[in-house]
Amino acid sequence: MQIYIVGGAVRDELLGRTNADRDYVVVGASPEIMLARGFRPVGKDFPVFLHPQTQDEYALARTERKSGHGYHGFSFHAAPDVTLEQDLARRDLTINAMAKGDDGTLVDPFGGQQDLQAKILRHVGPAFAEDPVRILRIARFAARFHEFSVAPETLSLMRSMVSSGEVDHLVAERVWQELAKGLMEDHPARMFMVLRDCGALARLLPELDALFGVPQRADYHPEIDTGIHTMMVLEQTARHRFPLAVRFAGLTHDLGKATTPADILPRHIGHEARSVDLSEQLCARLKVPNDCRDLALLMARHHGNIHRAAELKPATMVSLLEKTDALRRPERFQQLLDTCLCDFTGRLGWEDRPYDSPARLLSALAAVNRVEAGKIAAACADKSSIPERIQQARIAAVKEQLNDFRN
């Protein structure tokens with residue numbers, strides 16, 4: 001029985017990057033041997049075991065054969081006679097198909113080390129085409145290793161997988177899982193550009209793909225192209241290291257601009273409401289988690305008014321705070337403002353331009369929070385007038401606060 005460290009841990013060690021995950025492959029063993037040595041089985045589809053002391057995962061060397069469509073359409077064979085090279089051959093990229101023995105010997109049958117040095121993402125072999133999830137994984141690795149290029153033959157294979165319809169068999173949960181990981185990389189925009197290059201973006205996120213080529217007013221958007229702007233917003237969310245919900249809201253905030261009538265371009269009147277509708281459809285289709293969905297819908301609906309905070313009347317500002325639930329959910333409201341910051345600075349030449357809407361709205365929120373609604377209610381003889389009296393007090397407080405803000 002021989003044990004090897006495989007995959008990302010080997011790759012990242014060669015790159016000098018930290019990787020806390022350790023994946024092990026066991027060659028020349030059977031489930032019975034693993035159980036006899038105290039390992040605990042956890043694998044459902046193929047034999048994976050937890051080490052009795054470290055709890056690290058150890059998988060028996062295996063081969064796989066295509067038996068149906070999509071991610072689950074495989075049958076696996078794990079046996080003592082499966083070699084390490086056979087196990088590595090089923091992996092996605094050459095840089096992930098390396099192993100390291102107990103003595104430190106590097107096993108690299110497919111040139112992964114050379115591709116690391118050349119900064120190339122290249123598929124291991126023709127079996128790559130059997131699993132559509134690998135399209136998403138390559139795009140995600142492009143977001144992580146932003147200096148790496150996708151090998152031309154790999155991109156060609158990805159395009160053929162899209163055109164053959166294999167990508168259409170991806171399940172929503174797995175698509176979201178990979179997208180969420182890609183969104184949290186240092187350069188998430190690269191994920192979506194690679195997906196667009198191979199045609200997968202139009203199949204998986206047609207609402208996003210439709211933004212490319214849609215013009216905007218150059219005085220507000222020097223980059224002009226709405227798709228490019230969205231990618232710039234996404235890069236700003238990563239620049240600030242904002243959480244997943246902010247990054248997703250930045251990705252989807254302008255979807256409605258793809259459906260703007262051609263006769264009013266490059267203006268986008270009413271795109272906010274259309275963005276809400278399209279975001280709802282996308283979130284339902286991909287089963288997006290509630291926190292990401294809710295922030296995305298708030299951003300789509302309200303980002304225009306937030307950008308215009310300096311022009312809003314006190315009554316409109318109070319209404320905006322109430323509609324965004326800022327009083328009860330201040331943390332989410334802050335995330336909404338963070339997304340708006342990225343939308344504002346995600347424009348050509350605007351990356352470091354001052355943006356005072358967040359400070360203005362947070363100042364107004366502080367004023368509203370100082371209004372003692374309980375005291376107002378207790379002093380009202382006519383209980384039906386309580387909401388109006390509270391509203392008037394909030395508007396007055398914001399008006400006074402904004403006067404101080406301007407001074």
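## A tour of the rings and the sheet

Start by selecting Tyr 24, Phe 39 and Tyr 58: ring pairs link these three residues into a cluster. What you have open is a predicted model, and the structure holds 7 aromatic pairs in total.

For the next stop, show the side chains of Phe 145 and Phe 148. Their rings form a tilted pair, with 5.3 Å from centre to centre and 40 degrees between the planes. Is Phe 145 buried or exposed? Phe 145 counts as buried because its relative accessibility is 3%, under the 20% cut-off. Phe 148 is buried too, with a relative accessible area of 6%.

Now jump to Phe 344 and Tyr 355. This aromatic pair is stacked, at 4.4 Å centre to centre and 25 degrees between the planes. The pair links distant parts of the chain: Phe 344 belongs to helix 16 (residues 330–345), while Tyr 355 sits in the loop between helix 16 and helix 17 (357–370), and the two are 11 residues apart. Turn on a surface here and keep in mind that both Phe 344 and Tyr 355 are buried.

Two arginines are worth a click as well. Select Arg 353 with Trp 350: Arg 353 lies over the face of Trp 350, 4.0 Å from the ring centre. Then pick Arg 140 and Phe 141, where the charged end of Arg 140 sits over the ring of Phe 141, 5.3 Å from its centre.

Switch to a cartoon view for the sheet. In what order do the 7 strands of the open sheet run? The order is 3-4-5-2-1-8-9, with mixed pairing. At the edges you will find strand 3 (40–41) and strand 9 (106–107), each of which pairs on one side only.

Further in, colour strand 1 (residues 2–6) and strand 2 (residues 23–27); they pair in the antiparallel sense over 5 bridges. To check the register, select Val 6, which stands opposite Asp 23 in strand 2. Then add helix 1 (residues 8–15): this helix lies across strand 1, strand 8 (99–100) and strand 9, and runs at about 60 degrees to strand 1.

Finally, zoom out to the whole chain. Its secondary structure comes to 19 helices and 11 strands, and the C-alpha trace spans about 85 × 50 × 40 Å along its principal axes. Of the 407 residues, 50% count as buried. The accessible surface comes to about 18,800 Å², and carbon and sulfur atoms account for 50% of that surface. Among contacts between residues at least 6 apart in sequence, 65% join residues at least 24 apart.

Note on methods. Residues are numbered from 1 along each chain as its sequence is written. This is a predicted model: local features need pLDDT of at least 70, side-chain atom pairs count only at pLDDT 80 or more; totals for chains, interfaces and linings use all residues. Side-chain values use heavy atoms; hydrogens and water are left out. Rings of Phe, Tyr and Trp (its six-membered ring) pair if their centres lie within 6.5 Å; planes under 30 degrees apart count as stacked, over 60 as edge-to-face and the rest as tilted. Buried means under 20% relative accessible area, exposed over 50%, partly exposed in between (1.4 Å probe, protein chains only). Helices (H or I, at least four residues) and strands (E, at least two) are DSSP runs, numbered from the N terminus. A charge sits over a ring if NZ of Lys or CZ of Arg is within 6 Å of the ring centre and within 35 degrees of the ring normal. Two strands pair if DSSP finds at least two bridges between them. Contact means heavy atoms within 4.5 Å. Axes are lines fitted to C-alpha atoms, for helices over the stretch in contact, and angles run from 0 to 180 degrees between N-to-C directions. Accessible areas come from the Shrake-Rupley method with a 1.4 Å probe; for residues, only the protein chains shown count as cover.
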